[in-house]
Amino acid sequence: DASAKVIDGKAVAKQIREEISAEVSRMKETIGVTPGLAVILVGDRKDSATYVRNKKKACDNSGINSLEVNLPEDSTEQEVLNFISGFNNDPSVHGILVQLPLPSHMNEQNVLNAISIEKDVDGFHPLNIGRLAMSGREPLFVPCTPKGCIELLHRYDIPIKGKRAVVIGRSNIVGMPAALLLQREDATVSIVHSRTKNPEEITRQADIIISAVGKPNMVRESWIKPGAVIIDVGINPVDDPNSPRGYKLVGDVYYEEACKVASAITPVPGGVGPMTIAMLLQNTLISAKRIHNFQ
Ligand code: NDP
């Protein structure tokens, strides 16, 4: 008796990537400039390596140049800063991304602060986040995952203005900027986090739920107001003896239950995940266009 409409992030992301490819070609043909993204990966975390590989592949497919630097786990912060400084001054680079998390001996704040805000395609520089939080200010870039969540709502014509939205999670990379973006779109926003008492009481009031927690199937049917729209950012591996890998990925939201009450929902995988990379490509294109004053 599933009734929720499935918000197909994979299909939307594909469409956006086609739009980006066309713009990249037009830019090359018109002014001879190819957008370029530099990615810095420190250490050998498997998940980070996979993310970086996927980002590179996506760049290749849309005609964006990508440049990758792999530094060993025991590199110094200064070495990372030197690469950032080189990319800040390199006219062929329009976007700089440092894959997080960094090894624990490095100061994430120092590293992110060093990226030129004109090339901060992840949108994590405090100046970009600060502008996102202030009315009447415009960030140069909006963080990719929350931007992808809002883009999905837009492309499915889901109204945000005047709605009650609840964001579950308050991380710097997803929850917090997602809440700021919803507020900029004139939603009334509440944030639920690990210290929130009776979270379901709050989520049950939401017309729109964005969940970014990292706890499999945490959001149950009773947490959801009938007709709510659910954007599930969580990507959680759970044991699955039927899968050749021995595990499968699920969201923060109990999908089968949510489908009974929600009016629309993103699946995991195939929801927000593909949108994140599409937004990174979009931010890189936006940056190249801005730097070269190309409309
Ligand atoms: P973090 O671990 O940085 O943040 C998790 C947030 O969830 C924290 O704010 C934490 O609260 C909150 N939280 C933890 N437990 C509970 C609970 N029981 N009830 C309510 N809130 C809780 O994670 P990220 O934001 O980086 O990622 C969240 C999820 O999204 C992960 O599954 C991750 O894999 C996925 N993700 C997916 C992306 C995509 O492209 N689709 C991109 C990035 C992440 P507190 O602040 O109090 O600790």
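For the classes used below, Ala, Val, Leu, Ile, Met, Phe, Trp, Tyr, Cys and Pro count as nonpolar, Asp, Glu, Lys and Arg as charged, and the others, Gly among them, as polar. The structure is a predicted model, in which local features need pLDDT of at least 70 and side-chain atom pairs count only at pLDDT 80 or more, while totals for chains, interfaces and linings use all residues. Residues are numbered from 1 along each chain as its sequence is written, and side-chain values use heavy atoms, with hydrogens and water left out.

**Exercise 1. The ligand shell**

Task: Determine how many residues surround the ligand, and of which classes they are.

Solution.
1. A residue is near the ligand if one of its heavy atoms lies within 4 Å of it. The shell consists of 21 residues, and Arg170, Ser171, Ser194, Ile235 and Thr276 are the closest.
2. By class, nine residues of the shell are nonpolar, 10 are polar and two are charged.
3. Helices (H or I, at least four residues) and strands (E, at least two) are DSSP runs, numbered from the N terminus. Helix α10 (residues 272-291) supplies the largest share of the shell, three residues.
4. A polar contact is a pair of N or O atoms within 3.5 Å; within protein, one must be able to donate a hydrogen and the other to accept it, and residues adjacent in sequence count only if both atoms are side-chain atoms. A polar side-chain atom of serine 171 is 2.5 Å from a ligand oxygen atom. For serine 194, a side-chain N or O atom likewise lies 2.5 Å from an oxygen atom of the ligand. Isoleucine 235 uses a backbone N or O atom, at 3.1 Å from a ligand oxygen atom.
5. On its own the ligand has 930 Å² of accessible area, of which the protein covers 70%. Accessible areas come from the Shrake-Rupley method with a 1.4 Å probe; for residues, only the protein chains shown count as cover.

**Exercise 2. Helix α1**

Task: Compare the span of helix α1 (residues 9-31) with the expected value, and state which of its residues are buried.

Solution.
1. The expected span of a helix is 1.5 Å times one less than its number of residues. The 23 residues of α1 should therefore span 33 Å, and the end C-alpha atoms are 32 Å apart, which agrees.
2. Buried means under 20% relative accessible area, exposed over 50%, and partly exposed in between (1.4 Å probe, protein chains only). The buried residues of α1 are Gly9, Val12, Ala13, Ile16, Ile20, Val24 and Met27.
3. Contact means heavy atoms within 4.5 Å. The cover over these buried residues includes α2 (46-62), α6 (144-155) and α10.
4. At the start of α1, a side-chain oxygen of aspartate 8 comes within 3.2 Å of the backbone nitrogen of lysine 10. Just after the helix, glycine 32 has a positive phi of about 70°.

**Exercise 3. Two loop residues**

Task: Decide whether glutamine 99 and serine 75 are buried or exposed, and describe their surroundings.

Solution.
1. Glutamine 99 belongs to the loop between β4 (95-98) and α4 (108-114). Its relative accessible area is 8%, so glutamine 99 is buried.
2. The side chain of glutamine 99 makes a polar contact of 2.8 Å with the side chain of lysine 55. Apart from neighbours within four places in sequence, its contacts are Ile40, Leu41, Ser48, Tyr51, Val52 and Lys55.
3. Serine 75 lies between β3 (65-71) and α3 (77-88), in the loop. With a relative accessible area of 2%, serine 75 is therefore buried.
4. A polar side-chain atom of serine 75 is 2.5 Å from the backbone oxygen of proline 72. Beyond neighbours within four places in sequence, serine 75 is in contact with Val42, His105 and Met106.

**Exercise 4. Backbone geometry**

Task: Identify which peptide bond to proline 101 or proline 269 is cis, and where each proline lies.

Solution.
1. Most residues other than glycine have a negative phi, and most peptide bonds are trans.
2. The bond from leucine 100 to proline 101 is cis, with omega near 0°, and proline 101 is in the loop between β4 and α4.
3. The bond from valine 268 to proline 269 is also cis, with omega near -5°; proline 269 is in the loop between β11 (264-265) and α10.
4. Aspartate 186, a residue other than glycine, has a positive phi near 70°. At 44% relative accessibility, aspartate 186 counts as partly exposed.
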